[in-house]
Amino acid sequence: MTLKRRKNIRLAKEIYSNPNQIFSITICVKDRRPIFKDSAWAEKILETLKTGPFGKGVICYSYCLMPDHLHLQISPKDGNLIDLINGWKSYTANLLGKIGHVGSCWQRSFYDHALRKEEDIKMVAEYIVTNPVRVGLVKNWKEYPYSWHKWM
């Protein structure tokens, strides 16, 4: 019996270390549980985007923390983006465990899209921050406390 190999969904590893490459990243909560309806947990997660190895290792153009997933628009400053994200996921899962979260926090992997030259990074940022509007959480994205982009 031959075991099927899992399909590799990633680009070549060196692309994830290129500081000129901007990515749109989506990281989902395990089983899409809406754990970030808890504002204390949501605020802790947003703090970690700006501090520590992750905050120092990436340039952030936009983010939107939804109740059950996180959208980021980032590029690596120092290191490999895959390693930075995996380290951040471990760190934040541990942090949330210390403040009351029980069980696994994040899904095993994450979705990434490498922006192409013809894609407008500001338009992608605006798309990311309007996610709460599209799902009916707010009428205007500026009302949502867990969204930001650098052109605000």
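**Helices and their two sides**

Let's start with the outward-looking part of helix 4, where Met-123 and Tyr-127 are exposed (over 50% relative accessible area, with a 1.4 Å probe and protein chains only). This is a predicted model, in which local features need pLDDT of at least 70 and side-chain atom pairs 80 or more, while totals for chains, interfaces and linings use all residues. Residues are numbered from 1 along each chain as its sequence is written, and side-chain values use heavy atoms, leaving out hydrogens and water.

Now turn helix 4 (residues 121–129) around: Val-124, Ala-125, Ile-128 and Val-129 are its buried residues (under 20%; partly exposed is in between). These buried residues sit on the same side of helix 4 because they cover an arc of only 130° around the axis, judged by the directions from the axis to the C-beta atoms. What do the buried residues of helix 4 pack against? Their partners are strand 1 (23–28), strand 2 (58–65), strand 3 (69–76), helix 5 (131–134) and strand 5 (147–149). Helices here are DSSP runs of H or I with at least four residues, and strands are E runs of at least two, numbered from the N terminus. Where helix 4 starts, Asp-120 has a side-chain oxygen that reaches to within 2.9 Å of the backbone nitrogen of Lys-122.

Next up is helix 3 (residues 81–98), with 18 residues. At 1.5 Å a residue they should span 26 Å, and the end C-alpha atoms are indeed 26 Å apart, so the two agree. (The expected span is 1.5 Å times one less than the number of residues.) Plenty of helix 3 is buried: Leu-81, Ile-82, Leu-84, Ile-85, Trp-88, Lys-89, Thr-92, Leu-95 and Leu-96. Down the axis, these buried residues fall within an arc of 155°, so they line one face of helix 3. Ser-90 and Lys-98 are exposed on the face turned away from that buried side. Covering the buried residues of helix 3 are, among others, strand 1, helix 1, helix 2 (52–57), strand 2 and strand 3.

Both ends of helix 3 deserve a look. Asn-80 caps the N-terminal end, with a side-chain oxygen 2.8 Å from the backbone nitrogen of Ile-82. Just after helix 3 comes Gly-100, with a positive phi of about 120°.

Finally, find Thr-48 in helix 1 (residues 39–50). Is Thr-48 buried or exposed? Its relative accessibility is 6%, so Thr-48 counts as buried. The Thr-48 side chain makes a polar contact (N or O atoms within 3.5 Å, one able to donate a hydrogen and the other to accept it; sequence neighbours count only through side-chain atoms) with the side chain of Trp-88, at 2.8 Å. Beyond neighbours within four places in sequence, Thr-48 is in contact (heavy atoms within 4.5 Å) with Phe-54, Gly-55, Trp-88, Tyr-91, Thr-92 and Leu-95.
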